[in-house]
Amino acid sequence: MTYSLVDLRSDTVTRPTDGMRRAMAEAEVGDDVYGEDACVNALEERVADLFGHEAALFVPSGTMGNQIGMRLVCEPGQEVLGDAEAHVVTYEMGAAAAVFGLSTRTVVSAGCRLDAAQLIEQVRPRGDWHLTATAAIAVENTHNRGGGLVQPLDQLQQLWDWSRGAGVAVHLDGARVWNAAVASGVPLSTYGRLADTASVCLSKGLGAPVGSVLVAGAERIAAARLWRKRLGGGMRQAGVLAAAGLHALDHHLDRLADDHARARTLAERLGADPSRVETNMVVLEDVAAPVVAEAARAQGVLVGQVGPRRIRLVTHLDVDDAAVDRAATVLGDLLRR
Ligand SMILES: *Cc1c(COP(=O)(O)O)cnc(C)c1O
């Protein structure tokens with residue numbers, strides 16, 4: 001299938017490939033609320049293994065994975081500490097407070113890069129009569145509003161090592177942790193072992209139509225299963241969706257390197273600093289975002305406006321070399337004006 005639009009707004013816009021659609025059609029399914037869907041069970045086992053955790057839970061969205069994940073490690077009235085640009089506090093509709101009664105507190109980090117010491121310094125102890133206790137720290141890798149940056153492994157390790165002694169949990173928002181692993185060469189299992197709970201998306205760079213997976217210890221995942229049902233996320237013959245995720249893991253993981261190379265090409269051609277392109281995103285600063293976005297749209301190139309003077313371009317499965325060339329030509333022309 002070909003689409004005339006070049007859609008660089010997000011890597012969520014991919015359509016399932018023909019092979020993925022076949023895998024979905026042929027999926028062996030059952031009622032997953034009874035735990036009887038073979039495809040869902042296979043996906044959960046596989047993702048748990050990849051990240052070195054005991055268990056996993058297939059959920060409809062990354063938001064549900066993150067919010068249940070944080071609830072598993074934070075009680076109502078306690079707080080989750082994270083960075084000010086984190087997806088969990090920016091784009092999840094205040095769910096931590098609105099749904100779960102969790103307090104959140106944020107720190108502004110330089111360029112969204114994880115600074116373990118800066119977070120640790122802000123942690124408030126349990127058992128104090130005045131202070132809201134910090135139960136968990138949320139980290140995001142890659143960082144969305146950080147332009148797809150890969151969090152430094154030494155900082156993740158430092159935070160993890162400290163957290164064990166402090167009794168503070170670490171939640172990983174790993175919507176694009178696949179991109180981080182491909183870009184850095186750090187195994188998924190390493191990222192997994194540096195988190196108590198992690199949510200990973202199948203519907204971003206991996207190109208599945210729906211779904212995320214929450215990984216954690218077995219007891220926590222048993223509790224997560226109840227939360228998912230409580231929230232209305234218990235799905236029945238969800239194997240048709242899990243099959244897309246399994247297909248994506250087989251066929252779309254290594255190719256993320258192509259998305260990263262194409263993002264660098266876009267940056268070079270548009271005069272953005274390619275050294276700031278670590279994965280599949282290019283951020284253009286100091287541009288009249290609404291004007292450029294509208295003019296580009298008129299020529300069949302869709303871009304993300306992430307601020308009044310900031311545009312984001314995301315490469316993905318449905319963006320090939322020809323699409324990059326077309327986008328670079330259209331946007332290059334508009335930026336020179
Ligand atoms: C997309 C994304 C999510 C989850 O989004 P959903 O639309 O709820 O699937 C979570 N974290 C980050 C960093 C994301 O980019």
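Arginine 255 sits in the loop that runs between α11 and α12. In this predicted model, the residue has a relative accessibility of 14%, so arginine 255 counts as buried. Leaving aside residues up to four places away in sequence, arginine 255 touches Gly205, Arg262, His316 and Leu317.

One of the two helices flanking that loop, α11 (residues 239-251), also packs against α1 (residues 18-25), their axes coming within 8 Å and crossing at roughly 135 degrees. That angle makes α1 oblique to α11. As for handedness, the crossing of α1 and α11 is right-handed. On the α1 side the contact is made by Gly19, Met20, Ala23 and Met24, and these meet Val240, Leu241, Ala243, Ala244, His247 and Ala248 of α11. Sorted by character, the residues of this contact come out as eight nonpolar and two polar, with no charged ones.

Helix α11 turns up again around α8. Within α8 (177-184), the residues Val177, Trp178, Asn179, Ala180 and Ala181 are buried. What covers them includes the helices α2 (38-50), α9 (188-193), α11 and α12, along with the strands β6 and β7 (197-201). Right after α8 comes glycine 185, with a positive phi near 80 degrees.

Charged pairs are next. The structure holds 17 salt bridges. In one of them, the side chains of aspartate 11 and arginine 176 meet with an N to O distance of 2.8 Å. This pair ties together distant parts of the chain, 165 residues apart: aspartate 11 belongs to the loop between β1 (6-7) and α1, and arginine 176 to the loop between β6 (169-174) and α8. Both aspartate 11 and arginine 176 are buried.

A further salt bridge pairs glutamate 75 with arginine 71, at 3.4 Å from N to O. The two partners fall into separate burial classes: glutamate 75 has 41% relative accessibility and so counts as partly exposed, whereas arginine 71, with a relative accessible area of 12%, is buried.

Aspartate 325 and arginine 269 form another salt bridge, and here the closest N and O atoms are 2.6 Å apart. Again the link is between distant parts of the chain, with aspartate 325 in helix α14 (residues 321-336) and arginine 269 in helix α12 (residues 256-269), 56 residues apart. Aspartate 325 is partly exposed, its relative accessible area being 39%, and arginine 269 counts as partly exposed too, at 41% relative accessibility. Elsewhere, salt bridges that share partners join Arg164, Asp196 and Arg220 into one network.

The backbone has a few oddities worth listing. Asparagine 141 and threonine 142 are joined by a cis peptide bond, with omega at about -5 degrees. Threonine 142 is found in the loop between β5 (134-140) and α7 (153-166). Cysteine 112 is not a glycine, yet has a positive phi of about 70 degrees. The loop that holds cysteine 112 runs between β4 (103-107) and α6 (116-122), and the residue counts as buried, with 7% relative accessibility. Aspartate 286 is another non-glycine residue with a positive phi, near 60 degrees. Its place is in the loop between β9 (281-285) and α13 (289-298). Unlike the buried cysteine 112, aspartate 286 counts as exposed, at 61% relative accessibility.

Finally, there is leucine 156, a residue of helix α7. Leucine 156 has 8% relative accessibility, and therefore counts as buried. Not counting residues up to four places away in sequence, leucine 156 touches Leu114, Val139, Asn141, Gln151, Tyr191 and Leu194. Among these contacts is Asn141, the residue that shares the cis peptide bond with threonine 142. Between leucine 156 and alanine 180 the C-alpha to C-alpha separation is 13 Å, with their positions 24 residues apart in sequence. Alanine 180 is itself one of the buried residues of α8.

Conventions. Residues numbered from 1 in each chain as written. Heavy atoms only, no water. Axes fitted to C-alpha atoms, helices over the stretch in contact; angles between N-to-C directions. Helix = DSSP H or I, 4+ residues; strand = E, 2+ residues; numbered from the N terminus. Parallel < 35°, antiparallel > 145°, perpendicular 65-115°, else oblique. Left-handed = near helix turned anticlockwise from the far one by under 90°. Contact = heavy atoms within 4.5 Å. Nonpolar A, V, L, I, M, F, W, Y, C, P; charged D, E, K, R; others polar. Salt bridge = Lys/Arg side-chain N within 4 Å of Asp/Glu carboxyl O. Buried < 20%, exposed > 50% of the residue type's maximum accessible area, 1.4 Å probe, protein only.
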